[in-house]
Amino acid sequence: MVKKFIERFYVGLILFFLYAPIIILIILSFNSSKSRSKWGGFTLHWYKELFKNQSIMNALYTTLIIAFLSALVATIIGTAAAIAINSMKKTPRTIMIAITNIPMLNADIVTGISLMLLFVAMRYTLGFTSVLISHITFNIPYVILSVMPKLKQLNPHTFEAALDLGASPVYAFFKVILPDIFPGVLTGFFLAFTMSLDDFVITHFTKGPEINTLSTKIYTEVRKGIKPEIYALSTLMFIAVLLLLVLINRRNADKREPIKKV
Amino acid sequence: MKIRNVLNTITPKTPSQKNGAGSLGIRNTKWLSFPYILWMVGFIIIPLIVILYYGLTTNDKLLTLDNIKSILDPINLRSLRLALELSFVSTVICLLLAYPLAMILNKSKMKSNSFIVMIIILPMWMNFLLRTIAWQNILERTGIINTVLKFFNLPMLNIINTPSAIILGMVYNFLPFMVLPIYNVLIKIDKDIINAARDLGANSIQTFLKIILPLSLPGVISGITMVFVPSLTTFVISNILGGSKIVLIGNVIEQQFRIGNWHAGSGLSLVLMIFILISMAILSKYDKEGEGGSIW
C-alpha cells in the first residue's frame, strides 16, 4: 500500500513539474495587469485584443501556413522514400536510414546555421521560402520513421494479387497499399506539423528580417516583456489541441469497446 | 524541440518481419526515393560541407585553422566547459527522474500507452519559449517560490540567473525525451524473462540489475543522447533563465552569427559537432539493428 502511494505521489510530482509552467501561462492570459509578475485581477481583455493585433495574427498565419505546407511536402516526399527504402537491399537501406537520422540527431543550431550558410552561399534571399525549405528538411525524417513500421506490417501478396487481377501499379498503390499505411502517413503528417509549429532555432537562423513565426516573435519580446495577447493565443492553441486529443482518444476507446465485450 | 522517440509508442509494435528486401512485391520502386535523395543531398549533406568550408577558411577564402582554434580562447573554452558541465548534470538528473517514472508507468495496468505518451508530450504544444519564460515567474526574486517561502518566513532562494536555473530549464524541457525511449524499451521486455528470473530465485534487486537494466540499455543510451545534445547546444534556455552573465557555447556561436562573424561561428560549430558525432557513434553502437528499429 505504502509503495503504491509513493509511486502515485512520484508520478503526480513529475506531472506537476511538467504542467506547472503551463498553468502559470494560462493564468497570465487572464491577468489584467500588463506585467508578468503582478496580478491585477481577472479579465478577458487580452482575448479580445488578440484578434485586433495585426502583427500577432500575421505571425500566427505564417506559422500555420509553414507548418501545413512543410508537413504536406514532407509527407509526400517521405512516404515515397519510405516505400523505396523498404524494398532496398540491406546496405543501401542502412545508408539511407543513416542519412535520415542526421537531422534528427544533429543539434538544431548546427542544422540551422548550415542551412543559412547554404542559402547565403547560393545568394538566395532569406525569407518565407528558405524557412519552408528548412522545415521540410527536418520534417521528412519524422514521416519516414512513422511510415516504415506500417510498411513492414504489410502483406506483400495483396499488391501482387491486385496486379494479377489487372490493376495498374499506380491504381493498386492507391487502392491496396495506401489505405493500409495511411495511419502511419497521418501520424507522420501530424508529427511533422507539430515539429514545424514548435521550432524556434532553425527558423531563427533561416528567416529573413521581414517575416516572423510565433516562436521568433516571442523571442524578440523576451527582453522587453511578452505581450499578454501571446499568452491568450497559446492558451487557445493548447486548449484546442487538448480537446482534439481527448476526442481522438474517446473515438479510439469507443472503437475498442465492442471487441472487449465479445 | 524534437520528438524522436515518440514514434515507437505511437506506432504499434511491428511483428517480426517475415519478408526482407523487396517485400512489397513492387519492383522498381527505387525512383520513388529520388526526390528524397536529391533533397537530402541538397539540404543536409551540402549544407554540412558549406559549414565545413566556412569553418576552415578566412574572409579572404584562405585556408586556416584559426576559427577552430578560437575555441582555445579562455572565454570560449570556459563557455564550452560550462555547457558540458551543465548538460552532463541535466542528463544525469533526467535519467534519475525518468527511469523510476518509466518503470512505474510500465507497471501501471493502463493498456493505452498512447494516453501515457500523450500526457508526457502534451506540454510541448505550448511554445517552448513561453514555457521557459514561465519558469522565470516561478524562480524570480519576487516569484512564486519566494513568495511562498516569504509567507512562511523562510529564507529566500536565489535561483534565477544562476547555473541551477539553467539546469532546471534543461531538465524541464528535455525530460520527456528521456522518459519516452526508456518507457518504450521497458514495455517491450518479455514478462516471461522476468518471471523466469524470479522462478530461478533472483530477488527483485537482482532481477533489476541482471535482467531489466541490461535490456533497457538501448533506451537509456537513446535518452541520454536526446537530452545531452540539445542541452549542450542550447542558447535559448541559458538566454532566458541564465540572464546575460552566463554564457554557454551555444550563446557564443549564436552571438558570432548575430554580429556577422560567420567564419568563427562555423569553426566553433565544427568543434561542437565533434561532441555530437561522439554521441551519435555511441548511440549507433547500441542500435545494432541498424534500422532504428529498437530506438524509434
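The following is a short question-and-answer exchange about a predicted model.

User: What kind of model is this, and how are residues numbered?

Analyst: This is a predicted model, where local features need pLDDT of at least 70 and side-chain atom pairs count only at pLDDT 80 or more, while totals for chains, interfaces and linings use all residues. Residues are numbered from 1 along each chain as its sequence is written, and chains are lettered from A and ligands numbered from 1 in the order in which they are written.

User: How many helices and strands are there in chain B?

Analyst: Chain B has 13 helices and zero strands. Helices (H or I, at least four residues) and strands (E, at least two) are DSSP runs, numbered from the N terminus. Along the sequence the pattern reads α-α-α-α-α-α-α-α-α-α-α-α-α.

User: What share of chain B is buried?

Analyst: Buried residues are 45% of the 296 in chain B. Buried means 20 or more other C-beta atoms within 10 Å of the residue's own, exposed means 12 or fewer, and partly exposed is in between, with C-beta atoms placed from the backbone.

User: What makes A:Arg123 count as exposed?

Analyst: A:Arg123 has 6 C-beta neighbours inside 10 Å, so it counts as exposed. A:Arg123 sits in the loop between α5 and α6 (128-153) of chain A. Its phi is near 55°, a positive value in a residue other than glycine.

User: How do you know whether B:Asn153 is buried or exposed?

Analyst: Count the neighbours: B:Asn153 has 6 other C-beta atoms within 10 Å, so it is exposed. B:Asn153 lies in the loop between α7 (144-151) and α8 of chain B. Phi of B:Asn153 is near 60°, again positive in a residue other than glycine.

User: Why are α6(B) and α8(B) called oblique?

Analyst: Helix α6 (residues 128-139) and helix α8 (residues 163-186) of chain B pack at an angle of about 135°, with axes 11 Å apart. Axes are lines fitted to C-alpha atoms, for helices over the stretch in contact, and angles run from 0 to 180 degrees between N-to-C directions. Under 35 degrees is roughly parallel, over 145 roughly antiparallel, 65 to 115 roughly perpendicular, and the rest oblique. α6(B) and α8(B) are therefore oblique to each other.

User: Which residues make the contact of α6(B) with α8(B)?

Analyst: From α6(B) come B:Phe128, B:Thr132, B:Trp135 and B:Leu139, and from α8(B) B:Ala165, B:Leu168, B:Gly169, B:Tyr172 and B:Asn173. Contact means C-beta atoms, placed from the backbone, within 7 Å. By class, the residues are six nonpolar, three polar and no charged. Ala, Val, Leu, Ile, Met, Phe, Trp, Tyr, Cys and Pro count as nonpolar, Asp, Glu, Lys and Arg as charged, and the others, Gly among them, as polar.

User: What makes α5(A) and α2(B) roughly perpendicular?

Analyst: The axes of helix α5 (residues 108-121) of chain A and α2(B) cross at roughly 85° and come within 8 Å. That angle puts α5(A) and α2(B) in the roughly perpendicular class, so the label follows. The contact includes A:Leu117 and A:Leu118 of α5(A) and B:Ile46 and B:Val50 of α2(B). Its residues are twelve nonpolar, one polar and no charged.

User: How many residues does each chain give to the contact between chain A and chain B?

Analyst: Chain B gives 79 residues and chain A gives 78. On the side of chain B, helix α2 (residues 34-56) gives the most, with twelve residues. That side divides into 53 nonpolar, 20 polar and six charged.

Methods: Contact = placed C-beta atoms within 7 Å.
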